[in-house]
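Student: I should be grateful for a close look at a single part of this protein, followed through in one connected account. Please take the largest pocket and then whatever else helps to place it in the chain.

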Amino acid sequence: MECKKAKNAANCACTYVGCPRKGVCCECLQFHLASRELPGCCFPKAAEKTYDRSFEHFAKLVREGKA
């Protein structure tokens, strides 16, 4: 499968400027799941900026109807 890094990067919601995985979704997902986190694209913009990408934070946002 061909990686569409440039196209993915253009739509990437991650605000971490130095992220080496920007646009490489498979690596991003693998990285975050290994740390019991979700990638930034799973979070609303304001929540993503907190860098709290934990499962618990995501569940809280879902309960509050914000994700």
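Tutor: Helix α2 makes the greatest contribution to the lining of the largest pocket, supplying five residues. This is a predicted model, and what follows should be read as a description of that prediction. The helix α2 spans residues 25-34, and together with α1, residues 5-11, it belongs to the elements that each give at least two residues to the lining.

The pocket itself holds about 270 Å³ of space. Its lining comprises 20 residues, of which C12, C14, C28, P39 and C41 lie closest to the centre. Sorted by class, the lining contains twelve nonpolar residues, five polar ones and three charged ones.

From the pocket we may turn to the charged pairs of the model. Side chains of opposite charge can pair when their charged atoms come close. Four salt bridges are counted in this model. One of them joins the side chains of E56 and R36, with N and O 3.5 Å apart. Because E56 belongs to helix α4 while R36 sits in the loop between α2 and α3 (45-48), this pair ties together parts that are 20 residues apart in sequence.

Two further salt bridges involve E64. The first is with K60, where the closest N and O atoms are 3.7 Å apart. The second is with K66, at 3.4 Å from N to O. Through these shared partners, K60, E64 and K66 are joined into one network. As to exposure, E64 has a relative accessible area of 39% and is therefore partly exposed. K60 likewise counts as partly exposed, at 39% relative accessibility. K66, with a relative accessible area of 52%, is exposed, since the cut-off for that class is over 50%.

A67 completes the account. This residue is found in the segment that follows α4 (55-63). Its relative accessible area is 48%, so A67 is classed as partly exposed. When neighbours within four places in sequence are set aside, A67 is in contact with P44, F58, L61 and V62. N11 offers a further reference point: it stands 56 residues from A67 along the chain, and the C-alpha atoms of the two are separated by 18 Å.

Technical notes:
Residues numbered from 1 in each chain as written. Predicted model: local features only at pLDDT ≥ 70, side-chain atom pairs only at ≥ 80, totals over all residues. Heavy atoms only, no water. Helix = DSSP H or I, 4+ residues; strand = E, 2+ residues; numbered from the N terminus. Buried < 20%, exposed > 50% of the residue type's maximum accessible area, 1.4 Å probe, protein only. Contact = heavy atoms within 4.5 Å. 1 Å grid on protein atoms, 1.4 Å probe; cavity = no way out; pocket = protein on both sides within 12 Å on 5 of 7 lines; lining within 4 Å. Points joined across faces, edges and corners; volume = space filled by probe spheres on them. Nonpolar A, V, L, I, M, F, W, Y, C, P; charged D, E, K, R; others polar.
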